Amino acid sequence: MVQAPRTVLITGGAGFIGANLADRLARAGHRVVVYDALSRPGVAANLAWLQASHPDRIDAVVADIRDADRLGACVADVDAVFHLAAQVAVTTSLTAPLTDFAVNLGGTLNLLEALRRRGGRVPLVFASTNKVYGDLYDVDLAPSGDAYLPSDPDVRRWGIGEDRRLDFHTPYGCSKGGADQYVLDYARSFGIPAVVMRMSCIYGPRQMGTEDQGWVAHFLISALEQRPISIYGDGRQVRDILHVADAVEAYRAAWAGIDRVAGRAFNLGGGPANAVSLRQVVAHIETLAGRSICASPTGAPATSATTSRTRAGSRPPSASRRSVRGARAWPTSPTG
Ligand SMILES: NC(=O)c1ccc[n+]([C@@H]2O[C@H](COP(=O)([O-])OP(=O)(O)OC[C@H]3O[C@@H](n4cnc5c(N)ncnc54)[C@H](O)[C@@H]3O)[C@@H](O)[C@H]2O)c1
């Protein structure tokens, strides 16, 4: 996947996945424009790290995705766009749905319009979420040791495919799901070479994990700081996790193969083989930390038990194959 050096725009490029992607693209020789409002606490440190690591290849634009003029000016002279800027917390979307809508859906439309106005065929890779499939309550589960497993052997083997019906839950699910559909439609209606990556739980370095978003990092940070962890439900709920390095390779593969994958959506996760329950993650962190962690179940039901159990099934070209099998490594430091 060797590409000539290009100029690439990453919205949300100071965030967890964006910073890892920017670093990887800069290391591959590309010039990266990081467009980020730095609204997520802590991400300024990611930007400083990027600029220190690649002084000649990282340009920062500290601006909001809702600012259509600033965004349009940046889109004017780039060769590809990765759109990751978002309001990322379900909880925030429930307390501030208008902001969630304006950033996630309005911001995406600003970007799509800038690309449409510009004309030409500038590739776009969009960071969507497996939450577009809703709560998957109809998928029958049975407890098996420390985890729930799907009763249907096909679902157990392959997970949930992209042909699953869409079912947006929560304002975050609606705003991201709406953006996902707009991106696909701008590919269909206006020929923009755009691809959608519906991601499960991504984890790894540079993640500012909180209880609301980035739970693997949140668990790790809590354990390192000897703070208790709250687990909603009985902890057997399963999440499909993927290391950020594998997600980044899948993004690069999607860009490299854009002529083949434009107009399509892909589930991007570790696959059933890398699905873990919250209990299993806590046990693994206990092994890493060499001591037990105070992880207390709360009375809340395990409502989102299965939403992350997507597959990386019909994936873009070969690099993401590594993603399916490769989510074994754990970060030794959540911010390192
Ligand atoms: N991390 C995951 O497991 C996961 C799973 C599914 C989907 N996603 C999607 O991937 C993308 C990146 O997620 P992440 O985990 O890196 O989150 P993140 O919070 O670390 O990164 C998002 C970045 O967007 C920036 N941002 C927020 N609002 C902005 C605005 N109005 N204008 C400009 N920049 C703004 C933030 O400052 C932050 O740097 C998001 O679109 C998210 O919905 C992430």
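## Where α1 meets α9

In this predicted model, one contact to look at first is that of helix α1 with helix α9. On the α1 side, Phe-16, Ile-17, Asn-20, Leu-21 and Arg-24 take part, and they meet Val-244, Ala-245, Ala-247, Val-248, Tyr-251 and Arg-252 of α9. By character, the residues of this contact divide into 8 nonpolar, 1 polar and 2 charged.

Two packed helices are described by the angle between their axes and the distance between the axes. Here α1 and α9, the latter spanning residues 244-256, pack at an angle of about 65°, and their axes lie 9 Å apart. The crossing in which α1 passes α9 is right-handed.

## Around the ligand

Helix α1 turns up again at the ligand, where it gives the most to the surrounding shell, with 3 residues. The elements that each supply at least two residues of that shell are α1 (16-27), α5 (97-118), β5 (124-129) and β9 (201-203).

There are 30 residues around the ligand, and those that come nearest are Gly-12, Gly-15, Ala-85, Ala-86 and Ala-127. As for the make-up of the shell, 17 of its residues are nonpolar, 8 polar and 5 charged.

## Leu-268 and Ala-127

Ala-127 also has a distant partner in sequence to consider. Leu-268 is separated from Ala-127 by 141 residues along the chain, yet their C-alpha atoms are 9.9 Å apart in space.

Leu-268 belongs to strand β12, which covers residues 265-268. Is Leu-268 buried or exposed? Leu-268 counts as buried because 32 other C-beta atoms lie within 10 Å, against a cut-off of 20 or more.

## Two residues with positive phi

Most residues other than glycine have a negative phi. Leu-136 is not a glycine, but has a positive phi of about 55°. Its place is the loop between β5 and β6 (141-144). Leu-136 is buried, because 20 other C-beta atoms lie within 10 Å.

Arg-206, likewise not a glycine, has a positive phi of about 80°. You will find Arg-206 in the loop between β9 and α8 (215-224). With 24 C-beta neighbours inside 10 Å, Arg-206 counts as buried too.

## The protein as a whole

Stepping back, the secondary structure comes to 12 helices and 14 strands. The protein has 336 residues, of which 50% count as buried.

How do its contacts spread along the sequence? Taking contacts between residues at least 6 apart in sequence, 82% join residues at least 24 apart.

Definitions and conventions. Residues numbered from 1 in each chain as written. Predicted model: local features only at pLDDT ≥ 70, side-chain atom pairs only at ≥ 80, totals over all residues. Helix = DSSP H or I, 4+ residues; strand = E, 2+ residues; numbered from the N terminus. Buried ≥ 20, exposed ≤ 12 C-beta atoms within 10 Å, placed from the backbone. Near = placed C-beta within 6 Å. Nonpolar A, V, L, I, M, F, W, Y, C, P; charged D, E, K, R; others polar. Axes fitted to C-alpha atoms, helices over the stretch in contact; angles between N-to-C directions. Left-handed = near helix turned anticlockwise from the far one by under 90°. Contact = placed C-beta atoms within 7 Å.
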